[in-house]
Amino acid sequence: MSLNTTRPGVALALGPGAHLQERVSRLERDAIADALRTAGGKKIVAAKLLGISRPTLDKKSEDYGLTVSRRRV
């Protein structure tokens with residue numbers, strides 16, 4: 001059995017020695033940040049985009065140290 005591990009960017013994001021949990025955490029944090037940006041800081045919208053509840057989004061945002069700043073128009 002042979003594995004193709006030459007996918008560009010996969011190992012480079014966290015380095016070749018990064019553990020799976022570190023990679024999963026980075027991916028989750030980035031997905032949450034992207035959803036919050038896309039939703040303009042509206043947590044309920046971001047939670048729906050991610051398929052999670054608002055309290056779960058709040059908990060994960062706190063865990064990852066993400067803060068939400070909404071712009072007033």
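**Close-up 1. Lys 43 and the residues it touches.** Setting aside its neighbours within four places in sequence, Lys 43 is in contact with Leu 36, Arg 54, Leu 57, Asp 58 and Val 68. This is a view of a predicted model. Lys 43 belongs to helix 2, which covers residues 43-50. One of its partners, Val 68, lies 25 residues away along the chain, yet the C-alpha atoms of Lys 43 and Val 68 are separated by 8.3 Å. Is Lys 43 buried, exposed or partly exposed? Its relative accessibility is 26%, so Lys 43 counts as partly exposed, since that class falls between the 20% and 50% cut-offs.

**Close-up 2. Ala 46, also in helix 2.** Here we meet a residue with a relative accessible area of 0%, and Ala 46 is therefore buried. Which residues does Ala 46 touch, not counting those up to four places away in sequence? They are Ala 35, Leu 36, Ala 39 and Leu 57. Leu 36 sits ten residues from Ala 46 along the chain, and the C-alpha atoms of the two are 5.2 Å apart. You may recognise Leu 36 and Leu 57 from the first view, where they are in contact with Lys 43.

**Close-up 3. Stepping back to the protein around these residues.** The protein has three helices and zero strands, giving the pattern α-α-α when read along the sequence. Of its 73 residues, 16% count as buried, and Ala 46 is a buried residue. The accessible surface comes to about 6,000 Å², with 54% of this belonging to carbon and sulfur atoms. Among contacts between residues at least 6 apart in sequence, 38% join residues at least 24 apart.

Conventions
Residues are numbered from 1 along each chain as its sequence is written. This is a predicted model: local features need pLDDT of at least 70, side-chain atom pairs count only at pLDDT 80 or more; totals for chains, interfaces and linings use all residues. Side-chain values use heavy atoms; hydrogens and water are left out. Helices (H or I, at least four residues) and strands (E, at least two) are DSSP runs, numbered from the N terminus. Buried means under 20% relative accessible area, exposed over 50%, partly exposed in between (1.4 Å probe, protein chains only). Contact means heavy atoms within 4.5 Å. Accessible areas come from the Shrake-Rupley method with a 1.4 Å probe; for residues, only the protein chains shown count as cover.
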